Amino acid sequence: MAQNPTKQSASPLNINVSALRIILAILIGGICLFNLFITYRGLEQPEAMDQAQIARNVAQGRGFTSQFLRPLDVVTADKRHGRKAEFNLGAMTDSNNAPLNVYALAAALKMTGYDRFDEVRMKEGGSAIYGADRVVSAVSTVFFILSLVLAYILTRRLFDDVVACTTVVLMGLSERLLAYAVSGLPQPLMMCCFLGAMLCLHSAIVAEGERRTRAVLLYAAGAFVCTSLLCLAGWMGLWTAFGLLVFCGLYFRPFGRMAIFGAVVLAAVLYLPLTNLTASAGGITQKFFTSLYGCFGQQDAADIMRTTDLGNTPFNNAVFFLRLLGYSFVGLDSLYASLGSIFVTPFFFLALFNRYRSKSTQGIKWATFAAWLTSCVGMALFGTAASVGAAQLMVLFTPLFTAFGLALMFNFLARLDLGESYRMIRGLAIFFVVLISSGMYLFKLPNNLHRANMNGAPMYPPYYPPALNLSLEKITYTNRAILTDQPWAVAWYANRPAVWLPKLMREWKDDLEPALKRGGLETQGVLITPTSHSMLPGGLRGISSQYGDFMPLAAEGKLLQYAPNHNLLFADLFNKTAADGAGADNIAALASSTGRFDGRNYLMGADIMYYTACSSLIDLAGRTLKLTGADKITDHSEYLFAIPENPVRSPENSHVLQMDVAHTQKGYSNLPKDIAENGGVPCSLSYEKTGKATADLILSRRAADGSGEVIGEFHLVYTSPFSGRFVAVSKDIEDMSAAPVRFEGSFGLTRRPAENVPIGGK
């Protein structure tokens, strides 16, 4: 019977343990701060941005609401609440994220002031890293450091200081674990909860061996409360909780009693949060069937949330076994990387065959295995193959797998009967294990340092925060929705309601957009990012598979990069009328040169494009445009245009909007009565979009025969929904034969109705 290897065979440490702890704390803390402030590149995981934007809403007092709108949730909520007057999709309760990590992020955002979005905006020419990203990552870093403390305490109880200190060093130098530390994901918090549960379970096993029944129940209750917190940090933790319930039911006597007790504790803690969070989007039943479709259907969970009807998702139980088998093999193949790429973690499976004299160590070993096994089943069912993600559970087991692997390695060395050289050999083994395990972090360090410059290097592609926090935020409304392939980033960086791009135009037209309107959200544009055209394998075939009818929009940015001199809307190729046989999948009706969103804003070249109904001047119709020249070349250097709600398109050029205006002594108005009352001359105002963040306004005098002579040409450079600058070429109005005069000035947009616009003056 094997003993606890290090406690029985190892010689005492020759250094002060307290000093070693201080050195480790400084080392790990320094590495975490280095990653957070020197090589930091911002948030990368969609789930982290999703939880961050919910946390900001919580910090602002708006409740557990989300601006990331999934089509299935929107349509389901509309069916349940759409007929009620208080139904508001702009304040829709999120039902997809566990609350614990969100509330921790909300507290951090509130304390640092980053809940006030308008006051902490990014600055032009400043860092490309969004400041609030670092706050979110700091929260996960704090939980990561706390998990290292808990891992040290637990592994020291199971083994000794050598194993505990080495485990902490290996975790602190693991490239994968350090990625989690700055990811903003709930995994570091989940690891803390899991290690807390295992600490309580260890005490319960010790108390059970000493026949202290009340202490067993008390510690077991603490373990199940920590397990409940694990589930509240991430719903995938329910699979880990199930494994611990199975272990407790089989380990403690009488059989099954402790499992029932634990299930009652879990149900009591989780019932209220589950029912509250799922109330607005179909309830627990909806989430249950969504999960079933994720397991048995032919689509992933993300694809299911992008549809508007589960009936459109094929349900085939044969796929269940293929998915389970396929993801199981993929998960095993990436197991080493998922556990942090630490050299000794695979040794845990050999440690299962080693029987420890300590009953508590033996019990924790099997509890870890049971929780790991059920977690593997859960990840296989839900298709989680990524080594870094919100649904990844393997990282929770890294501390215990590492500790048991180290202990087994030291046990092998102790059995070699090395005598006085044992400590030296053990030290060399620790050195090489640390060197191999930290190899990936050390290998990437030069490249990470190279990327770390004064302005920062964000996670591009696919995320470029300035394009959303500065450009997109300026040209969009807070109470209108954006249809996009990157809704989590739009909700976080631009603070705008963002709807996930579906696959079918029919679902958008018939289900999703009507539901949005009933919920008080008009759609103001479509945003396409590298998420769709640069991050998918398979080229155009992959884009078509992922985005279906919206493929022309998703692929347009990449096509423009290949052929930058051919400024053609890809969706124009699909421009058909009803007479030509256009159906519900006619993408040109949504975004093309003659579609609803017929203009493009290049937020970052062709990589990030925003399609809107009014390319550079947001929602020009219904606004009042006042042009003010910097130099007074005439008495009419200030121009006032009141643009009607429904401007008329030119029959010759659909890009030109025309309207009747009147030139008066002190300005312009489109009110017919002003022409007679003020002696005005009928004029035409043409607004032509140039395809970039600019526009041209041409003011011309109209003759009786319909011909016109240009009075002024204004080249507008758009900067925000309310202001900008222009360069004008104007003729002297009193003498039309005068040479053109060029001057510069600014323009402002107001929302005053056209019929109430006064004529003339400032």
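Buried here means under 20% relative accessible area, exposed over 50%, and partly exposed in between (1.4 Å probe, protein chains only). Keep in mind that this is a predicted model: local features need pLDDT of at least 70, side-chain atom pairs count only at pLDDT 80 or more, and totals for chains, interfaces and linings use all residues. Residues are numbered from 1 along each chain as its sequence is written, and side-chain values use heavy atoms, with hydrogens and water left out.

**Exercise 1. Work out which residues of helix α23 are buried, and what that says about the helix.**

Step 1: find the helix. Helices (H or I, at least four residues) and strands (E, at least two) are DSSP runs, numbered from the N terminus. The protein chain has 28 helices and 17 strands, and α23 covers residues 487-494.

Step 2: go through the residues. Pro487, Trp488, Ala489, Val490, Ala491, Trp492, Tyr493 and Ala494 are buried.

Step 3: draw the conclusion. Eight of the eight residues are buried, so the rest of the structure largely encloses α23.

Step 4: look just past the end of the helix. Asn495 follows α23 there with a positive phi of about 55 degrees.

**Exercise 2. Place Trp492 in the nonpolar interior of the chain.**

Step 1: get the overall picture. Of the 762 residues in the protein chain, 55% are buried.

Step 2: find the core. A nonpolar core is a set of buried Ala, Val, Leu, Ile, Met, Phe, Trp, Tyr and Cys residues joined through side-chain atoms within 4.5 Å. The largest one has 150 residues, and Leu201 and Trp492 touch the most other members. Helix α9 (residues 187-209) gives this core its largest share, 15 residues.

Step 3: set the other core aside. A second, separate core has 35 residues, including Ala77, Leu553, Phe570 and Ile587.

Step 4: list the neighbours of Trp492. A contact means heavy atoms within 4.5 Å. Leaving out residues up to four places away in sequence, Trp492 touches Leu43, Met49, Ala52, Gln53, Arg56, Leu109, Phe117, Tyr130, Ala132, Asp133 and Val136.

Step 5: zoom back out. Among contacts in the protein chain with a separation of 6 or more, 68% are between residues 24 or more positions apart.

**Exercise 3. Take three of the 14 salt bridges found in the whole structure and describe where their partners sit.**

Step 1: fix the rule. A salt bridge is a side-chain nitrogen of Lys or Arg within 4 Å of a carboxyl oxygen of Asp or Glu.

Step 2: start with Asp161 and Arg21, whose closest N and O atoms are 3.8 Å apart. Asp161 is in helix α7 (residues 161-172) and Arg21 in helix α2 (residues 17-37), 140 residues apart. Asp161 is buried at 14% relative accessible area, whereas Arg21 is partly exposed at 35%. Arg21, Arg156 and Asp161 are also linked in a network of salt bridges.

Step 3: move on to Arg70 and Asp50, which meet at 2.8 Å, N to O. Arg70 sits in the loop between β1 (68-69) and α4 (71-81), and Asp50 in helix α3 (residues 46-59), 20 residues apart. Both Arg70 and Asp50 are buried.

Step 4: finish with Glu208 and Lys359, with closest N and O atoms 2.9 Å apart. Glu208 lies in helix α9 and Lys359 in helix α18 (residues 359-381), so the pair ties together parts 151 residues apart in sequence. Glu208 is partly exposed at 23% relative accessible area, and Lys359 is partly exposed at 42%.
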